[in-house]
Amino acid sequence: MMLLALSEHPAPAAGGGHGELDVMGALFVFMLATFIGVMVIQRVSRLLHTPLMSLTNAISAIAVVGAIIVSAGKDYPGYITALGLVAIFCSTTNIVSGFLITDRMLKMFKKQEKVAK
Amino acid sequence: MSAETLVQILYLISTALFILSLKWMSDPETARKGVFSGVGAMTLAVVGTLTGVLATGGTHYWWILGAFALGAAVGYPLAQVPLTAVPQRTALSHAFGGLAAGLVGTAKFFLYYGQKNEAALTPFIVVALVAEILLGFLTFTGSILAAGKLQEVKWIPQRPVTYPGQNASNLALFGVALGLGVALVLHPLAPWAPYAFGGIILLSLAFGVLLIIPIGGADMPTVISILNAYAGLSAVAMGFVLNNKLLITAGALDGSSGLILSVIMCKAMNRSFFNVLFGAFGQTTAASGEGEQKAYKADTVESAAMVMEQANLVVIVPGYGLAVAQAQHKVREVYDLLKKKGVTVKFAIHPVAGRMPGHMNVLLAEAEIPYDDLLEMDEINGDMPQADVVLVIGANDVVNPAARSDKNSPIYGMPIIDADKAKAVYAIKRSKAPGFAGIDNELYFLDKTFMLFGDAKAVMGELARKLAGEGGH
């Protein structure tokens, strides 16, 4: 039991940041990222709010990172792996469709001179 | 360099690219660079994670590859939907995002629980886990339902569903979920903990449904934005659980985007978050159509064409009806013909026109109308008195002067496009019934207003023919 616990938590840090949990550090990152997000998004042209939302959709599919970590874990019970794999599927769907449709929409936005031949 | 350092460096670059990606969305000129940067960021994130997993001896690579392939196979067709269906596609992808977060949270909890890993289940982690699954699963069912409403799936009620004590019972259920969450934080390894966890999952799934059924179509832009924020926040919570700063950052970017869009939508409707979520708009308002029977003044497309030809400035106000009728290409024809006759044509776009933020802009851009002619409400309202003709296509509440004058109107105080200040108004309407919010529109009964009844696409097509001079004079 104890061995399993050890292999999961404090020791190897590589699996995408399983290091010692630094609560305050994580909260700082969250706070700063939120401010950056708010400031950057406020400047997004209103013309582009639909593509913005599909882009952030794709970005929030960053959950794929967690899904991979869960799926790839050695000696995890099968149902844990299965949950992770479904999560990878969902996230990948969002990544692929989110980026593709954003680009498809953005290609359509044209200025005056480019439209008039 | 250790594998962990390499992973963190890849994550760092990925984070920077995500921020740049959103920064480049500030201008249509640079926006496509934003997509490439986002793709780069996501690639680095996946490569980094796989590197880390490889270094610590992970398994199941073929399965993971398979899940990727399947996801891509489903994602590709989802990106090819017609642009009128973008709101429901967006809602559907919020659902996928929420589900992914919820599943990872569930897996993590049962993993730690199975390992009796007391060190991992600190109060902070458990709080984050509960937040992750609550937001994740709520977003999942809520977004599925929203997508169903937008797609007009038959078995999902379009009209808001309300019943007595709705908010009170929702609040009570939320209290139960909160209580289970607190119990879990205190005793994460108790024998009953999996049941408490399962209970929170079921309640979260229920909340998604309960929060969306009272919401009507006109509130969809706000609701989609709020669900967007929830999906982002659930990724943040996952970042806390996994102690992964990339997840925290990317989730926070998504969360703040959803938040800002929700605020913009709420302001554009003069309503608070609370009011949107708990107000059940549209239900109470349908009754307000009392008073004298007013008569519409219908006109022919031919005379509308004649008036527009003579105009200097024509302002077109598009709404959801344009999207439903897929009229954007016919609108483009009319736009071109009027321009050729020396008429200035502008589009006045209300923030909540359509079913999601920016919906109208995308449709009109699809029809190759240059974006310099798509103006925001605030930009065009000053010019409205100079407009010779305002052509309202499938919009209703966003041009209803009752928002300015009638204190009893449910949309009172909502900023509107001042169509009533123009010299003449033509409004295309599918039927004589009131709009989605069920409110009568005074604009349609003004002396200078003429109605063109019919499907927006058909009417615009006929207008284009008359302007081109076919079958006319």
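Two strands count as paired when DSSP finds at least two bridges between them. With that in hand, here are some close-up views of this predicted model.

**View 1. Strands S4 and S5 of chain B run parallel, side by side in the bridge pattern.** Strand S4 covers residues 389–393 of chain B, and strand S5 covers residues 425–429. Four bridges join the two strands. To find your place, look for B:Leu391, whose bridge partner in S5(B) is B:Tyr426.

**View 2. An open sheet of six strands in chain B.** Step back from the S4–S5 pair and the whole sheet appears, with its strands in the order S3-S2-S1-S4-S5-S6 and parallel pairing. At the edges are strand S3 (374–376) and strand S6 (449–453) of chain B, each of which pairs on one side only. From one strand to the next, the twist averages 25°.

**View 3. Helix H11 of chain B lies across part of the sheet.** This helix is made of residues 301–310 of chain B. The strands it lies across are S1 (313–318), S4, S5 and S6 of chain B. Relative to S6(B), helix H11 runs at about 130°.

**View 4. Chain B as the setting for the sheet.** Here you can place the earlier views within a chain that has 17 helices and six strands. The C-alpha trace of chain B spans about 85 × 55 × 35 Å along its principal axes. Of its 473 residues, 56% count as buried. Among contacts in chain B with a separation of 6 or more, 80% come from residues 24 or more positions apart.

**View 5. Where chain A meets chain B.** In this view, 93 residues of chain A are in contact with 106 residues of chain B. Several helices of chain A give two or more residues to this side, including H1 (2–8), H2 (23–42) and H3 (49–60). Helix H5(A) gives the most, with 26 residues. By class, the side of chain A that touches chain B has 56 nonpolar, 29 polar and eight charged residues.

**View 6. One helix from each chain: H4(A) packs with H4(B).** Helix H4 of chain A spans residues 63–72, and helix H4 of chain B spans residues 86–114. Their axes are 10 Å apart, at an angle of about 35°, and the crossing is left-handed. From H4(A), the contact is made by A:Ala63, A:Gly66, A:Ala67 and A:Val70. Facing them from H4(B) are B:Gly97, B:Ala100, B:Ala101, B:Val104, B:Ala107 and B:Lys108. Seven of the contact residues are nonpolar, two are polar and one is charged.

Key: Residues numbered from 1 in each chain as written. Chains lettered and ligands numbered in written order. Predicted model: local features only at pLDDT ≥ 70, side-chain atom pairs only at ≥ 80, totals over all residues. Axes fitted to C-alpha atoms, helices over the stretch in contact; angles between N-to-C directions. Left-handed = near helix turned anticlockwise from the far one by under 90°. Contact = placed C-beta atoms within 7 Å. Nonpolar A, V, L, I, M, F, W, Y, C, P; charged D, E, K, R; others polar. Buried ≥ 20, exposed ≤ 12 C-beta atoms within 10 Å, placed from the backbone.
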